[in-house]
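Hi,

Here is the model I promised to pass on. Have a look at it first, and my notes follow underneath.

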Amino acid sequence: SANPQISLLHSNLGFVHQTLGEDAEAIGHYRKALQIDPVNAIAAANIGYLYLEKKDYRKAQVALEIAVDKGQRDWKTLSNYGLSLM
């Protein structure tokens with residue numbers, strides 16, 4: 001709350017909510033992280049995963065493309081990106 005314009009903080013809060021199964025809150029924080037820093041690869045990968053789980057493939061594809069383009073190339077992100085493309 002001291003500095004709400006730090007992308008990493010919103011990304012981390014999103015991850016906490018995601019871990020707790022609070023997907024709507026997680027998506028909100030990931031979106032805020034990406035508004036602050038549109039190339040936050042970790043937030044993009046995580047929100048892409050959540051959209052993929054919800055079968056919103058277009059949103060997942062856009063988010064995961066950002067993640068991959070910005071260097072998030074671990075096997076899970078690449079696999080999720082491939083699924084979103086299918």
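Before anything else, keep in mind that this is a predicted model.

**Overall picture**

The protein chain has five helices and zero strands, so the pattern along the sequence reads simply α-α-α-α-α. The C-alpha trace spans about 40 × 25 × 20 Å along its principal axes. For 86 residues, a compact globule would have a radius of gyration near 12 Å, and the 12 Å of the protein chain agrees with that. Buried residues account for 36% of the 86. As for how the chain comes back on itself in sequence terms, 42% of the contacts with a separation of 6 or more are between residues 24 or more positions apart. The exposed surface comes to about 5,300 Å², with carbon and sulfur atoms supplying 58% of it.

**Helix α1**

I spent some time on α1, which runs over residues 7–19. Its 13 residues reach 18 Å from first C-alpha to last, close to the 18 Å expected at 1.5 Å a residue. Which residues of α1 are buried? They are S7, H10, S11, G14, H17 and Q18. These cover an arc of only 125° around the axis, which is why they end up on the same side of α1. The spacing is the familiar one: an α-helix has 3.6 residues a turn, so residues three or four places apart point the same way. On the other side of α1, L8 and T19 are exposed.

And what covers the buried residues of α1? The cover includes α2 (23–36) and α3 (41–53). Just after α1 you will also come across G21, which has a positive phi, near 80°.

**The core**

Now for the largest nonpolar core, which has 18 residues. Three elements give two or more residues to this core: α2, α3 and α4 (57–69). The largest share, seven residues, comes from α3. Nonpolar side chains do tend to be buried together in soluble globular proteins.

Y30 and I47 have the most contacts inside this core. If you want one residue to start from, try I47: leaving aside its neighbours within four places in sequence, I47 is in contact with I27, Y30, R31, L34 and A63. So Y30 turns up twice, as a residue with the most contacts inside the core and as a contact of I47.

Over to you, and shout if anything is unclear.

Cheers

How values were computed:
Residues numbered from 1 in each chain as written. Predicted model: local features only at pLDDT ≥ 70, side-chain atom pairs only at ≥ 80, totals over all residues. Heavy atoms only, no water. Helix = DSSP H or I, 4+ residues; strand = E, 2+ residues; numbered from the N terminus. Expected span 1.5 Å × (residues − 1). Buried < 20%, exposed > 50% of the residue type's maximum accessible area, 1.4 Å probe, protein only. Arc of directions from axis to C-beta. Contact = heavy atoms within 4.5 Å. Core = buried A, V, L, I, M, F, W, Y, C linked by side-chain atoms within 4.5 Å. Rg over C-alpha atoms; globule rule 2.2 N^0.38 Å. Areas by Shrake-Rupley, 256 points an atom, 1.4 Å probe, with all protein chains shown as cover.
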